[in-house]
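Student: Could we go through this structure together, one question at a time? I would like to see how each answer is reached.

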Amino acid sequence: QVQLQESGPGLVKPSQTLSLTCSVSGGSITTNDNCWNWIRQPPGKGLEWIGFICYSGSTHYNSFLKSRTSISRDTSKNQFTLQLMSVTPEDTAVYYCARWYSSGFTSWGQGTQVTVSS
């Protein structure tokens, strides 16, 4: 059973960089055909996909966030990381990491609240 756990600061100041890490257990992030995603849900709104990094190391981002987003990985730690730059209060959300495999999201982290405020 693959499990995911988000970690990172819960409060970020405007214009700074939001950085979150997702630790994966029960499976390797380099296993074929898996893509590892970041998704967020702002207060009172629906889920918004941010981007992913796949088993091969390739990445793909939401076009609306692409200029501010970077997703990387540390295969030795079986972790992947989100960096969202130049944040504003509109980036306040619950951030989730999730595994995509075989045409669906099969595992989710519990989510972590990130608030952007001075």
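Student: What pattern does the protein chain follow when read along the sequence?
Tutor: Keep in mind that this is a predicted model. The secondary structure of the protein chain comes to 0 helices and 11 strands. Read along the sequence, the pattern is therefore β-β-β-β-β-β-β-β-β-β-β.

Student: What radius of gyration does the protein chain have?
Tutor: Let's start with the box that the C-alpha atoms fill, which is roughly 40 × 25 × 25 Å along the principal axes. For 118 residues, a compact globule would have a radius of gyration near 13 Å. The protein chain agrees with that, because its own value is 13 Å.

Student: What share of the 118 residues counts as buried?
Tutor: A residue is called buried when its relative accessible area is under 20%. Applied to the 118 residues of the protein chain, this gives 41%.

Student: Which strands stand at the edges of the open sheet of 4 strands?
Tutor: Good one to work out from the order, which is E1-E3-E8-E7 with antiparallel pairing. A strand at an edge has a single partner strand, so one side of it is left without a neighbour in the sheet. That description fits E1 (3-7) and E7 (69-74).

Student: By how many degrees are neighbouring strands of this sheet turned against each other on average?
Tutor: Here the direction of the strands is ignored. The average turn between neighbours in this sheet is then 20 degrees.

Student: Which residue in E3 is the bridge partner of glutamine 3?
Tutor: First look at the pairing of E1 with strand E3, which covers residues 18-25. These two run antiparallel and are joined by 5 bridges. In E3, the partner of glutamine 3 is serine 25.

Student: Which residue in E8 does cysteine 22 stand opposite?
Tutor: Now we move on to E3 and E8, which pair in the antiparallel sense over 6 bridges. Opposite cysteine 22, in E8, you will find phenylalanine 80.

Student: Which residue takes a positive phi in the hairpin of E7 and E8?
Tutor: E7 and E8 run antiparallel and are joined by 6 bridges. One place to see the pairing is threonine 69, which stands opposite leucine 84 in E8. The hairpin has 4 residues between the strands, and the residue with a positive phi, near 55 degrees, is asparagine 78.

Student: How many salt bridges does a search of the whole structure find?
Tutor: Let's list them by their closest N and O atoms. Glutamate 48 pairs with arginine 40 at 2.7 Å, and arginine 40 meets aspartate 91 at 2.8 Å. Aspartate 91 also pairs with arginine 68 at 2.9 Å, and the search of the whole structure gives a total of 3.

Student: How many residues apart in sequence are the parts tied together by arginine 40 and aspartate 91?
Tutor: Arginine 40 lies in strand E4 (residues 34-41), while aspartate 91 is in the loop between strand E8 (79-84) and E9. The pair therefore ties together parts whose separation in sequence is 51 residues.

Student: And how far apart in sequence are the parts tied together by aspartate 91 and arginine 68?
Tutor: Again, aspartate 91 is in the loop between E8 and E9. Arginine 68 is in the loop between strand E6 (59-61) and E7, so the parts tied together are apart in sequence by 23 residues.

Student: Is glutamate 48 buried or partly exposed?
Tutor: Glutamate 48 belongs to the network of salt bridges that links Arg40, Glu48, Arg68 and Asp91. Arginine 40 has 5% relative accessibility and aspartate 91 has 2%, so both fall under the 20% limit and count as buried. Glutamate 48, at 25%, lies between the limits of 20% and 50%, so the word for it is partly exposed.

Student: How far apart in space are glutamate 48 and serine 7?
Tutor: Glutamate 48 is placed in strand E5 (residues 48-54). In sequence, glutamate 48 and serine 7 are 41 residues apart. In space, C-alpha to C-alpha, their separation is 19 Å.

Student: Which residues make the nonpolar surface patch of about 390 Å²?
Tutor: Tryptophan 100, in strand E9 (residues 93-101), is one of them. Patch residues need over 30% relative accessible area, and tryptophan 100 is partly exposed at 33%. The full set is Leu47, Trp100, Phe105 and Trp108.

Key: Residues numbered from 1 in each chain as written. Predicted model: local features only at pLDDT ≥ 70, side-chain atom pairs only at ≥ 80, totals over all residues. Heavy atoms only, no water. Pairing = 2+ DSSP bridges. Axes fitted to C-alpha atoms, helices over the stretch in contact; angles between N-to-C directions. Patch = residues over 30% accessible without salt bridge, like charges linked within 9 Å, V, L, I, M, F, W, Y side chains within 5 Å. Areas by Shrake-Rupley, 256 points an atom, 1.4 Å probe, with all protein chains shown as cover. Salt bridge = Lys/Arg side-chain N within 4 Å of Asp/Glu carboxyl O. Buried < 20%, exposed > 50% of the residue type's maximum accessible area, 1.4 Å probe, protein only. Rg over C-alpha atoms; globule rule 2.2 N^0.38 Å.
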